[in-house]
Amino acid sequence: MVGLELLDADAARDWMARTAAAVLDERDRLTELDAAIGDGDHGVSMVRGFTAVSAALAAAGELSLPGAVLLLAGRTLVSSVGGASGPLYGSALRAVGKALGDAGGADGKQVGAALGAGRDAIAALGGARGGDKTMLDAWIPAVAGFEFAVAGGGSLDAAAQFAAGAAEGGAEETVPMEARKGRASYLGPRSVGHLDPGAASTVLLFRALADAVG
Ligand code: ADP
Ligand code: MG
């Protein structure tokens, strides 16, 4: 099977639908991860958010631009999920959508830049940096991997696959970290030895993107 060359509106919808399915499948695991170093709501929050995204996209009917799909998804996450992750993911997807602008189809370079805008939105809103044991520890290597693959001449499909693998590696690296942002930081050194839940859900988001364009 040959992957897509451009992320169009249908692929963006598919990305969101696959993310919704993945967080539903992994709800209990995300909840367990968050129960260990947070308050145990991450799985439920992600499912609530992406279920609302699916409903909002269905209600919106035809959207011809991938940017419009992601702007709506981001706005919906911000308004439907309390806690840290809703506004963070919501701002990220809004930034991705905004960066895609009025492109009817975005190529690897445009998608890479848009994902970078998403990463930056998370950092701006949450004030975290790499190494703080947050979702950024998956986003940062994922975007870097995506851009690296595109710069090397890789297709959108290959870049998204590479990004998903890098997100996974980044998430694994949160295990030995001590949390410096978010609820897990209240635990101090006791946060060490656990995978960050937001990094785990970020892997699902990037895996869903790879599947949507692959
Ligand atoms: P809450 O912590 O409000 O219960 P969730 O459980 O849904 O929200 O999400 C927790 C995840 O959010 C963490 O695992 C972490 O990845 C992410 N997170 C929390 N605070 C920040 C922050 N300031 N910057 C980036 N990510 C953060
Ligand atoms: Mg939580």
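Which residues touch the most other members of the largest nonpolar core? In this predicted model, they turn out to be Leu 7, Trp 15, Met 16, Phe 50, Trp 139, Phe 146 and Phe 206, out of 63 residues in that core. Helix α9, spanning residues 197-213, chips in with 11 residues, the largest share of the core. As a rule of thumb, nonpolar side chains in soluble globular proteins tend to be buried together.

Trp 15 gives a good look at how this packing plays out. Once its neighbours within four places in sequence are set aside, Trp 15 is in contact with Leu 70, Leu 93 and Leu 115, and also with Leu 205, Ala 208, Leu 209 and Ala 212. As for annotation, an unreviewed UniProt entry lists residues 10-211 as "domain: DhaL". Over that stretch the chain comes out at 71% helix and just 1% strand, with the end C-alpha atoms 13 Å apart.

Then there is the ligand. Ligand 1 is surrounded by 20 residues, and His 42, Ala 84, Ser 85, Met 135 and Asp 196 are the closest of these. Two of the side chains in that group supply an N or O atom facing a ligand oxygen: for Ser 85 the distance is 2.5 Å, and for His 42 it is 2.9 Å. The backbone gets involved as well, with a polar backbone atom of Gly 126 sitting 3.0 Å from a nitrogen atom of ligand 1. On its own, ligand 1 would expose 560 Å², and the protein buries 93% of that area.

Methods. Residues are numbered from 1 along each chain as its sequence is written. Chains are lettered from A and ligands numbered from 1 in the order in which they are written. This is a predicted model: local features need pLDDT of at least 70, side-chain atom pairs count only at pLDDT 80 or more; totals for chains, interfaces and linings use all residues. Side-chain values use heavy atoms; hydrogens and water are left out. A nonpolar core is a set of buried Ala, Val, Leu, Ile, Met, Phe, Trp, Tyr and Cys residues joined through side-chain atoms within 4.5 Å. Buried means under 20% relative accessible area, exposed over 50%, partly exposed in between (1.4 Å probe, protein chains only). Helices (H or I, at least four residues) and strands (E, at least two) are DSSP runs, numbered from the N terminus. Contact means heavy atoms within 4.5 Å. UniProt positions are given in the numbering used here, feature names are shortened, and annotations may be inferred rather than shown by experiment. A residue is near a molecule or strand if one of its heavy atoms lies within 4 Å of it. A polar contact is a pair of N or O atoms within 3.5 Å; within protein, one must be able to donate a hydrogen and the other to accept it, and residues adjacent in sequence count only if both atoms are side-chain atoms. Accessible areas come from the Shrake-Rupley method with a 1.4 Å probe; for residues, only the protein chains shown count as cover.
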